[in-house]
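Here is a short briefing to read alongside the structure. Keep the viewer open and follow the topics in whatever order suits you.

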Amino acid sequence: FDILVNIGQHPKDKIDTVIVLEKIGHFLDEGVQAIYDKYKGKYPNNEITEFVENELDLIQVLKNSFKDFDGGYAMTGITGNGAAFVARDPAGIRPVCYYADDEVVVAASEKPAIKTAFEIEYNEIKEIPPGYALIVNTKGDLDCCKFIEPLQKKSCSFERIYFSRGNDPDIYKERKMLGKLLAPKILKTIDYDLENTIFSYIPNTAETAFLGLIKAVEDLKSQIPNPKSTAKTQRRKVFLEKSSFASPRLCGEIRNQKSEFQKPRIEKLVIKDAKLRTFITDEGHRGDLVAHVYDATYEIINKGKDTLVVIDDSIVRGTTLEKSILKMLDKLGPKRIVIVSSAPQIRYPDCYGIDMSKMKDFVAFRAVIKLLEDSNKEYIMEEVYEKCKVAKEKMQGAGSKEPCAKQIINHVKEIYAPFSDEEISNKIAQIIAAPDLNAEVKVLYQTVENLHKACPDHLGDWYFTGNYPTPGGNLVANQAFINYMEGSFERAY
């Protein structure tokens, strides 16, 4: 906004869309004016218009317009003369792909939309590289050009876990792998007792990870024979060598169970109204919605004996678990409820397209604050608060002429540092489990390491680690903590 004012523009608002349009419009006008001045007096205006259409360098317009932007975007635009562009941010945070033939050029955030509409093969759909723009000129010619220097690619992993359609073949495989990698931790938690454990999932977007989990559990059980013969011993040795997640100790514990091989018990325990999505419901209505959006399947468990393992694709606020799902599952009469998230703990705000900017909303943040209080370490919060304020003042003092955003670090990481992932998970279980629940409640999360194994080409993990791909992310994280400490309910960006 300040940069636009300094170059003579008068934007009416600080909304990102307004700023983007003003900035591109300014340099578009400059480009048109330069061509007009070049031919002014030599040709009539109607002919100069043709020169503008043929000579306007849209890539240069984007270079000038986007150089000061910080964030994630997959942005499309069309000019008055019919030229068009699709630009992707330099870190590749937001997804964008395209398909082109002699008749059409189409871009979208997800491949299934393009495949379904045009009935083409997946290998015909290409990805726009980070920092590149797809340019379609007035003649319909297509080119993919770099308009800004690419950064290290940090594609949003939350797109893969939750937001994108699961019928993309790559996303389908990644989500199955997320479930598979959870199997050892879950088996250990239930003491390998498949006979008295029921597996289920909630919501529907967690189904693919659930399939991967069940397949991994079955493989762990069925592929470890009892080594009574040399041949079977050799088979066990080969399995252990090829297994990517089973240690010899784990395999031995499974094999030495008294019961014969037991297939996992699978049931649809929780039913959700598919038309209602609590994640994207505004805060004022979410509480009422979560109490009515789910229903349970009764009389299918052994009361007081069975453990329920329910996998979720992510646990952000914990509101749905606390106010609806756990109470519903507890009424079924289980001995224990294990809630499993195929995503790691969400600890930090997002500012690249997903509205998760308030720290108090994250159940992991609420848990760590309680841990700090329990261990008499509240002073860490005050120290981090002061550091965040100093960083903010430093940035404001620098102004647009002397940018120092790259020197700003995410100080909020310091409040999580004293505690292990397991300690935070255990505290989350205490927070979401109401005192009147009869069943024991356990919460398990995916590890960041396993997330990267499952999604090796999409390493944007700032929600979980606080490692933002751009300086603006650190500024937002610090501001979100300042807002929390000052009791402000404003967004951090």
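**Aromatic cluster and overview**

Ring pairs link Phe158, Tyr162, Phe163, Tyr352, Trp462, Tyr463, Phe464 and Tyr468 into one cluster. Please bear in mind that this is a predicted model. The protein chain has 493 residues, of which 49% count as buried, and its secondary structure comes to 20 helices and 14 strands. Taking contacts in the protein chain between residues at least 6 apart in sequence, 70% of them join residues at least 24 apart.

**Nonpolar cores**

- The largest nonpolar core has 76 residues, and Phe158, Leu329 and Ile415 are those with the most contacts inside it.
- Helix 14, covering residues 363-374, gives the most to this core, with 8 residues.
- Phe158 is worth a second look, being a member of the ring cluster and also one of the residues with the most contacts inside the largest core.
- Which residues does Ile415 contact, leaving aside its neighbours within four places in sequence? They are Phe365, Val368, Leu372, Ile380, Val384 and Phe481.
- A second, separate core has 24 residues, including Ile24, Ala83, Ala87 and Ile148.
- As general background, nonpolar side chains tend to be buried together in soluble globular proteins.

**The four-stranded sheet**

- An open sheet of 4 strands follows the order 1-2-6-7, and its pairing is antiparallel.
- Its edge strands are strand 1 (74-78) and strand 7 (142-146), each of which pairs on one side only.
- On average, neighbouring strands in this sheet are turned by 15° against each other, with direction ignored.
- Helix 4 (residues 58-66) packs on the sheet and touches strand 1, strand 2 (84-88), strand 6 and strand 7. The direction of helix 4 makes about 145° with that of strand 6.
- Strand 6 (residues 132-136) runs antiparallel to strand 7, and 5 bridges join the two.
- Two of the pairings can be picked out by residue: Val136 stands opposite Leu142 in strand 7, while Tyr132 has Lys146 of strand 7 as its bridge partner.
- The hairpin of strand 6 and strand 7 has 5 residues between the strands, and here Gly140 takes a positive phi near 90°.

**Ring pairs around Tyr39**

- How many aromatic pairs are there? The count comes to 21.
- Tyr39 and Tyr43 have ring centres 5.7 Å apart and planes at 70°, so this pair is edge-to-face.
- Tyr39 and Phe51 make a stacked pair, because their ring centres are 4.2 Å apart and their planes are at 15°.
- The pair of Tyr39 and Phe51 links distant parts of the chain: Tyr39 belongs to helix 2 (residues 16-39) and Phe51 to helix 3 (residues 45-55), with their positions 12 residues apart in sequence.
- Is Tyr39 buried or exposed? Tyr39 is buried, since its relative accessible area is 11%, under the 20% cut-off.
- Both of its ring partners are partly exposed: Tyr43 has a relative accessible area of 36%, and Phe51 has one of 22%.

**Around the start of the chain**

- Lys14 lies over the face of Phe1, at 5.1 Å from the ring centre.
- Val18 is found in helix 2 and counts as buried, because its relative accessibility is 15%.
- From C-alpha to C-alpha, Val18 and Phe1 are 9.5 Å apart in space, and they are 17 residues apart in sequence.
- Not counting residues up to four places away in sequence, Val18 touches Lys12 and Asp13.

**A buried histidine in a loop**

- Where is His458 found? His458 is in the loop between helix 18 (448-454) and helix 19 (462-465).
- Although it sits in a loop, His458 is buried, with a relative accessible area of 12%.
- Leaving aside neighbours within four places in sequence, His458 is in contact with Ser155, Ser157, Arg160 and Glu174.

Methods: Residues numbered from 1 in each chain as written. Predicted model: local features only at pLDDT ≥ 70, side-chain atom pairs only at ≥ 80, totals over all residues. Heavy atoms only, no water. Pairing = 2+ DSSP bridges. Axes fitted to C-alpha atoms, helices over the stretch in contact; angles between N-to-C directions. Contact = heavy atoms within 4.5 Å. Core = buried A, V, L, I, M, F, W, Y, C linked by side-chain atoms within 4.5 Å. Buried < 20%, exposed > 50% of the residue type's maximum accessible area, 1.4 Å probe, protein only. Phe/Tyr/Trp six-rings, centres within 6.5 Å; stacked < 30°, edge-to-face > 60°. Lys NZ or Arg CZ within 6 Å of the ring centre and 35° of its normal.
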